[in-house]
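Biologist: I have a model open and some labels I'd like to understand. Could you walk me through the reasoning behind them?

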Amino acid sequence: MRHLILSAAIPALLMGAAPVLAEAAAPTQQAERAPPPHFPRDLTPAGVAAADDHLALEQVDGAEAMAFVAEENRKSLAVLTGDPRYETFRAEAEAILTGADRIPSPSFLGDGIGNFWQDATNPKGVWRRTSLDSYRTATPQWETLLDIDALSKAEGKDWVFKGADCLAPDETRCLINLSDGGKDAVVVREFDLTTKRFVDGGFHLPEGKHRIEWLDRDTLLVATDFGAGTMTESGYPFIVKTLKRGQTLAQAVEVYHGEQGDGGYGVSPAVYRDKAGKVTAVIITRPLDTFRSETWMLGDGGPVQLDLPARVSVHGVLEGRLIFSTEETWTLNGGTYPAGAVLAYYPGELVKSDDRIVIMGEGPSPVVLMPEARQAVQQVAVLDDRLVIATTDNVAGRLKVYRHRPGRPARWEAQDITVPDNLAVGLGDSSKSRGEVFVSTQGFLMPPTLSLADADAATLTILKSAPAKFDASRDVTEQYEATSTDGTKIPYFITRPRDMKLDGSNPTIMLGYGGFQVSLNPAYKPEMGKLWLERGGVFVQANIRGGGEFGPDWHQAALDGNRQRAFDDFAAVARDLEQRGVTSPRRLGIYGRSNGGVLTSVSITQHPELFNAAVIESPLVDMLRYHELPAGASWIGEYGDPRIPEEAEWIARYSAYQQLRPDVTYPRVYLTTNTRDDRVHPGHARKFAARLGDQGHDHLYYEDTAGGHSNDADPVANARRWARHYVYLSQQLMD
């Protein structure tokens, strides 16, 4: 899950003070009422299960579950695909998602450029490559490396391409990740780019949620399911082994061992190399929960623990120094660093020895960057002798190159790379040997532009600009702030018709996420623009707490028992929109998926009076049993642990599945998920739909049977998905 969005001519209007974190804001308490029906009297796991009359719907392919899905799909498709707008929406979305004029997303591949491409002819996609010179042209000459449509047909599998990991520096041997039906779990097979064939007798791992890195041409570091007792309760590995060419998994040699009770997403090895491909460090991350982890370095003598903060993001190695971001305040050797700082330390300075830090002596300044109040680090690219760092300042993108300058005092020198104002800036793939990084810029009304950043010169060269996919000439984007329950200022963006009347009559979609330190930055959403903005709709994006828009503190303000703050923030934006005359509850709908499904389902149950529509997609809804459903236990660090009585009490106060009431009038919601989603279990959405039906609440439920959590399996199917969304939203908010 962590694994999820200004006028083109008018800059955003930046209003209000900087976001402020309230220091001891208590979660908003719901009015004292009798508990809803089916609310568990006993909040232990056994008591919660006993009060649940829809446990059968948690069986992914169970007979009762699939019968429920078939009947709900039948009823919902009649309403959605039977709408006269559906076919127009579907065709417009498909033209966007399969259009040949899209920017091919590039990656550095050997001395060329790689790309994975899907269109109407190849909906499963082709992995291909070209030269950088050819890529710069309007019509690159592509060489097909692997045709996933042809492979699926030949092997009788519903293969979905989940990426390739190629061994530097020549990058001719690659590990191909193939998912059956779009699941997160993949089969891994070795591929030879010189022959464009899978390697006979090469590395081949069965389906699983693997963590794999090349160590050398004949050795892999593998964390996977090695058999009974080698996976955590959330279904992720906690053991790392070296796998030699020709060995079976049973013959692999253990190099690191965590604990079965570890949380998070499983132990992960990372191999860092210099521009010549030489290994500079092997780092192993052992997650303790969703966000806290131990960091280990693998050397000839085995793994050694590094004294890094528990909340940390490691970005790479530059000139022998480990580059990392602190996600909490951290002190080392008398120096204290705030959450969000980017630091550089030699690994030897971080090694624990007899519970004491081993200091290597006076060295270069460790402080690369310390963000200010409105700023947050978004991405870091580690090159051979420089860093390229993308940040946000009040959710607007910035880009800088950092290089260490020796002297007294030693310091990190920052140089701006000029990017357009008030747009999102994203880093793509980077090349140490070339000293280059792909950079994208975009906004709500500004199509993406892809550039190549030269870190040495601190310049951007435009490679490609996407054409407009909808008419934005009548629209404008502005940024405002709402005041949440505890006084915190919550920024949000409005994209609207320039001449819109502030009479509360405007159909409006509000998007939110609010979790896992994920930032919702300005993004060009062509299907939204075509199917919604062009028809006079308004789009709002709320930057609520729980996200990463203002760094780790913004995220951690809504963790665990403070989760209610994220819901209060979202409701505050809804009220602010009504007070400004932008919209009214009759015309306001909300959309969220995955963790955003927690947000939207809770918003509907806590504040049904504020909204008239909700697209609740791939959601977590039963928060008292989320840890029981794969891979829910990995998110305990975000939501809390329902097995602990105190935590179960505050989770139960908002968990939408338990908070539904038959005597409350809810808007007709649209729930949708995917049978093959092995990240957020489809049982959440199924059970919520069933309980809505039990209580007599009108609703729509649709479950796709292929595609997984990411919706990246098939652009043609994805077009149908967006058409269903916007038909529903049009019915609820425009009709």
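Modeller: Happy to; we'll take a disulfide, a helix pair and a sheet in turn. Please keep in mind that this is a predicted model.

Biologist: How do you know that cysteine 166 and cysteine 174 form a disulfide?

Modeller: The cut-off for two cysteine sulfur atoms is within 2.5 Å. In cysteine 166 and cysteine 174 the sulfur atoms are 2.1 Å apart, so the pair counts as a disulfide. By this rule the count comes to one disulfide.

Biologist: And why is the disulfide called right-handed?

Modeller: That comes from the torsion about the S-S bond, which is about 105 degrees, so the disulfide is right-handed. Both cysteines, 166 and 174, are also buried.

Biologist: Why are H3 and H14 called oblique to each other?

Modeller: Helix H3 (residues 86-97) and helix H14 (residues 715-733) pack at about 135 degrees. Roughly perpendicular covers 65 to 115 degrees and roughly antiparallel starts over 145, so an angle of about 135 degrees is oblique. Their axes are 8 Å apart, and the crossing is right-handed. Among the residues that meet are Tyr86 and Phe89 in H3, with Trp722 and Tyr726 among those in H14.

Biologist: What makes S11 and S12 a strand pair?

Modeller: At least two bridges are needed. Strand S11 (residues 219-223) and strand S12 (residues 239-244) have five, in the antiparallel sense, so they pair. For leucine 220, the bridge partner in S12 is leucine 243.

Biologist: Why are S10 and S13 called edge strands?

Modeller: The open sheet runs in the order S10-S11-S12-S13. Strand S10 (211-216) and strand S13 (253-257) each pair on one side only.

Technical notes: Residues are numbered from 1 along each chain as its sequence is written. This is a predicted model: local features need pLDDT of at least 70, side-chain atom pairs count only at pLDDT 80 or more; totals for chains, interfaces and linings use all residues. Side-chain values use heavy atoms; hydrogens and water are left out. Helices (H or I, at least four residues) and strands (E, at least two) are DSSP runs, numbered from the N terminus. Buried means under 20% relative accessible area, exposed over 50%, partly exposed in between (1.4 Å probe, protein chains only). Axes are lines fitted to C-alpha atoms, for helices over the stretch in contact, and angles run from 0 to 180 degrees between N-to-C directions. A crossing is left-handed if the near helix is turned anticlockwise from the far one by less than a right angle, and right-handed if clockwise. Contact means heavy atoms within 4.5 Å.
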